[in-house]
Amino acid sequence: FLADIRVGDDIVEVQTGAFYPMQKKIGHYLQSTDCTVTVVHPIAAVRRLSWVDPETFEIGSARRVAGERAEAILPELYCLLPHLGDPRLRFRLLMLEVHDFRLQNGARSRDRKKGSVRYERMPIALLEELDLNTPEDFRRFIPEGLPSPFTVKQFSTLSKLRGRNAYSAVRVLAALGLFAPTEPIGRAMAFEIV
């Protein structure tokens, strides 16, 4: 495996997309080396969008659209469950302001989104850096007001993570020792906050 950056016993992997493709690489670093591994992951917290005409390449005016939240990392970490809690595995989230440029479809239909593609994404500003070095650092992702015990559905409502993403997030926080399985609530699987 080839590291993005290695300085002494510190490896830095920059991951802009899904974490699944780096699962074996991270496992290898943690099992076969003495290195500390930091995964740097940019998150588009503030997004501006401009449409680009495919014929003239004229750029339309920018408008603000929904950004991503730091909690989006939780479902991504599901593929790294066997390694979570390892003191040599760390994460750094770069909360960014970005400007997205989308190429309109050529059909000039009323729905710009249908058939459009991302043309370019440009980072504009670094808003914040979040370091997740210990399991305790992940406590920030436990939604305020979450009862204990709770169901995944209750977690989903408060965290605004839906479906499989909510389930994956709960499993990640459990692997980090922040949640523990408990007696079911009705027919639903339940966890308690540790």
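Here are three short exercises on the nonpolar core and aromatic pairs of this predicted model.

**Exercise 1.** Find which residues have the most contacts inside the largest nonpolar core, and which element gives the most to this core.

*Solution.* Start with the core itself, which has 41 residues. Inside it, F91, F138 and F155 have the most contacts. Next, look at who contributes: the elements giving two or more residues include α1 (23-32), β3 (36-52), β5 (89-103) and α4 (163-175). Of these, α4 gives the most, with 5 residues.

**Exercise 2.** Work out how F91 and F138 are arranged, and whether each is buried or exposed.

*Solution.* First, list the neighbours of F138: leaving aside residues up to four places away in sequence, F138 touches L74, L77, F91, L132, L173, L176 and L178. Then turn to the rings. A search of the whole structure finds 8 aromatic pairs. In one of them, F91 and F138 sit 6.2 Å apart, centre to centre, with 85° between the planes. Angles over 60 degrees count as edge-to-face, so this pair is edge-to-face. The pair links distant parts of the chain, with F91 in strand β5 and F138 in the loop between β6 and β7, 47 residues apart. Finally, check burial, where the cut-off is under 20% relative accessible area. F91 is at 3%, so it counts as buried; F138 is at 2%, so it is buried too.

**Exercise 3.** Describe the pair formed by F150 and F179.

*Solution.* The geometry is edge-to-face, at 4.8 Å centre to centre and 65° between the planes. F150 lies in strand β7 and F179 in strand β8, 29 residues apart. F150 is buried at 0% relative accessible area, and F179 counts as buried at 3%.

Notes:
Residues numbered from 1 in each chain as written. Predicted model: local features only at pLDDT ≥ 70, side-chain atom pairs only at ≥ 80, totals over all residues. Heavy atoms only, no water. Core = buried A, V, L, I, M, F, W, Y, C linked by side-chain atoms within 4.5 Å. Buried < 20%, exposed > 50% of the residue type's maximum accessible area, 1.4 Å probe, protein only. Helix = DSSP H or I, 4+ residues; strand = E, 2+ residues; numbered from the N terminus. Contact = heavy atoms within 4.5 Å. Phe/Tyr/Trp six-rings, centres within 6.5 Å; stacked < 30°, edge-to-face > 60°.
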